[in-house]
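User: Please take a close look at one part of this model for me. I would like to follow the sheet of the first chain and then what packs around it.

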Amino acid sequence: MEPISGTALSQLRRGALEFCILGLLREAERYSYEIVHALGEFDGLVTSEGTLYPLLSRLRKDGVVATRWRESPAGPPRRYYRLTSSGRARLEAFTVEWARFRDSVDAVLRTGGLG
Amino acid sequence: MSESNLHPLATAHLQRLRRASRTLPRRERRELRTEIEAHLTQATTPDAPDVEVLGVLDRLGEPKEIVAAGLLTSSRPVGARHIQEWFAIILLLFGAFAFGIGWLVGLALLWSSSVWRTRDKWLGTLMLPGGFALVPFVLGLGSSTQSCVSSSAGGMRCTGGSSTGNDILMIALLLIAVIVPLVSATHLARRLR
């Protein structure tokens, strides 16, 4: 199989990952390691778990997630992330757009654009 | 949290991260190190087999790779020169000499900057408002402590003037007027690194 351009794939991955993080927080707050570990479980989604921490930091600065520290049952306190209303709106908008984008790309790849 | 509670391979990884992350702004560097250290604490144990820890480190990624991701999302672009911030510092120190307007402009630049934290901004504002403008004021105060009046006999009678107590007070005030703005400006400048 011909390898895919690393740059193209990493840009696509980077763009989608922040919404995957928001998606993980849709129902409940999670702490950073939990988020990173959960995303790492999905095949092909994350190449280096460590690169997700700067992304989490940026999402916090952008105001799409909020954080709070909570004691952990064992070990140091944990930083918990939750969606803000702005983050929830961004996630909902992306979910709709992503479905359209994915369906269109699938259609073109499957049929070669011949309907 | 202590590195001594980590597996030696995890500790070595953290040390490499510490070296690689020097290019990040201080706050982001500290946050990244804390997160990675917490990750390693949760994902490994001090006595875990090497092969298990290596697997964790492999999934975590090389420190350079993690730092590169940090630079991509950093609030400070690589090589940022902070022109606005340096102008703010200069105006906070010397701007008051321009009828006070310059200091106010410096204040506006200070508070509109996204680089400094609110605590730094308060420090820049409250640590001797007016910057070095207080220096000539203190010097003027020193020369005006001596007052002379004409006597009826045609001579001059002076009161106040130089005394050891006054001199010490003036020197102390002068030092404060010079050192406090300098310390404040140095703190703001260090935050730009």
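Analyst:
**The sheet and its surroundings**

Chain A holds an open sheet of 3 strands, ordered 1-3-2, with antiparallel pairing. Strand 1 (30-31) and strand 2 (65-70) of chain A are the edge strands; each has a single partner strand, so one side of each lacks a neighbour in the sheet. This is a predicted model, and every value below is computed from it.

Look at one pairing in detail. Strand 2 of chain A runs antiparallel to strand 3 (residues 78-83) of chain A, and 6 bridges join the two. Within this part of the sheet, A:A66 sits opposite A:R82 of strand 3.

Where does the sheet sit in the chain? Chain A has 4 helices and 3 strands. Along the sequence they follow the pattern α-β-α-α-β-β-α. Chain A counts 115 residues, and 23% of them are buried. Take the contacts in chain A between residues at least 6 apart in sequence: 46% of them join residues at least 24 apart.

Two residues help to tie this picture together. The first is A:L25. A:L25 lies in the loop between helix 1 (6-24) and strand 1 of chain A. A:L25 counts as buried because 22 C-beta neighbours fall inside 10 Å, and the cut-off for buried is 20 or more. Leaving out neighbours within four places in sequence, A:L25 is in contact with A:R30, A:V65, A:Y81, A:R82 and A:L83. A:R82, one of these contacts of A:L25, is the residue that stands opposite A:A66. A:L25 also has a partner far along the chain to compare with: A:R88 is 63 residues away in sequence, and the two C-alpha atoms are separated by 9.1 Å.

The second is A:S32. A:S32 belongs to helix 2 (residues 32-40) of chain A. A:S32 is also buried, because 21 C-beta neighbours lie inside 10 Å. Setting aside residues up to four places away in sequence, A:S32 touches A:Y53, A:L56, A:R79, A:Y81 and B:E35. A:Y81 is therefore listed for A:S32 as a contact under the 7 Å C-beta limit, and A:Y81 is among the contacts of A:L25 too. The C-alpha atoms of A:S32 and A:L52 are 9.1 Å apart, with their positions 20 residues apart along the chain.

B:E35, in the list for A:S32, leads to the other chain. Helix 3 (residues 52-62) of chain A meets helix 2 (residues 26-43) of chain B: their axes come within 10 Å and cross at roughly 125 degrees. That angle makes helix 3 of chain A oblique to helix 2 of chain B. Their crossing is right-handed. From helix 3 of chain A, the contact uses A:Y53, A:P54 and A:S57; from helix 2 of chain B, it uses B:E28, B:E31, B:L32, B:E35 and B:I36. By class, the residues of this contact are 4 nonpolar, 1 polar and 3 charged. A:Y53 and B:E35, both part of this helix contact, are also both touched by A:S32.

Now widen the view to the whole interface. Here 19 residues of chain B are in contact with 16 residues of chain A. On the chain B side, helix 2, helix 3 (50-60) and helix 4 (63-72) each supply at least two residues. Helix 2 of chain B gives the largest share, 9 residues. The side of chain B that touches chain A divides into 7 nonpolar, 7 polar and 5 charged residues.

Chain B itself has 9 helices and 2 strands. From the N terminus, its elements run α-α-α-α-α-α-α-α-β-β-α. Of its 193 residues, 27% count as buried. Among contacts in chain B between residues at least 6 apart in sequence, 64% join residues at least 24 apart.

One helix pair inside chain B deserves a look as well. Helix 5 (residues 83-94) and helix 6 (residues 101-112) of chain B pack at about 145 degrees, with axes 7 Å apart. This crossing is left-handed. Helix 5 of chain B brings B:Q84, B:F87, B:A88, B:L91, B:L92 and B:F94 to the contact, and helix 6 of chain B brings B:G102, B:W103, B:V105, B:G106, B:L109 and B:L110. This contact has 9 nonpolar and 3 polar residues, and no charged ones. The contact of helix 3 of chain A with helix 2 of chain B, by its own count, includes 3 charged residues.

Notes:
Residues numbered from 1 in each chain as written. Chains lettered and ligands numbered in written order. Predicted model: local features only at pLDDT ≥ 70, side-chain atom pairs only at ≥ 80, totals over all residues. Pairing = 2+ DSSP bridges. Axes fitted to C-alpha atoms, helices over the stretch in contact; angles between N-to-C directions. Parallel < 35°, antiparallel > 145°, perpendicular 65-115°, else oblique. Left-handed = near helix turned anticlockwise from the far one by under 90°. Contact = placed C-beta atoms within 7 Å. Nonpolar A, V, L, I, M, F, W, Y, C, P; charged D, E, K, R; others polar. Buried ≥ 20, exposed ≤ 12 C-beta atoms within 10 Å, placed from the backbone.
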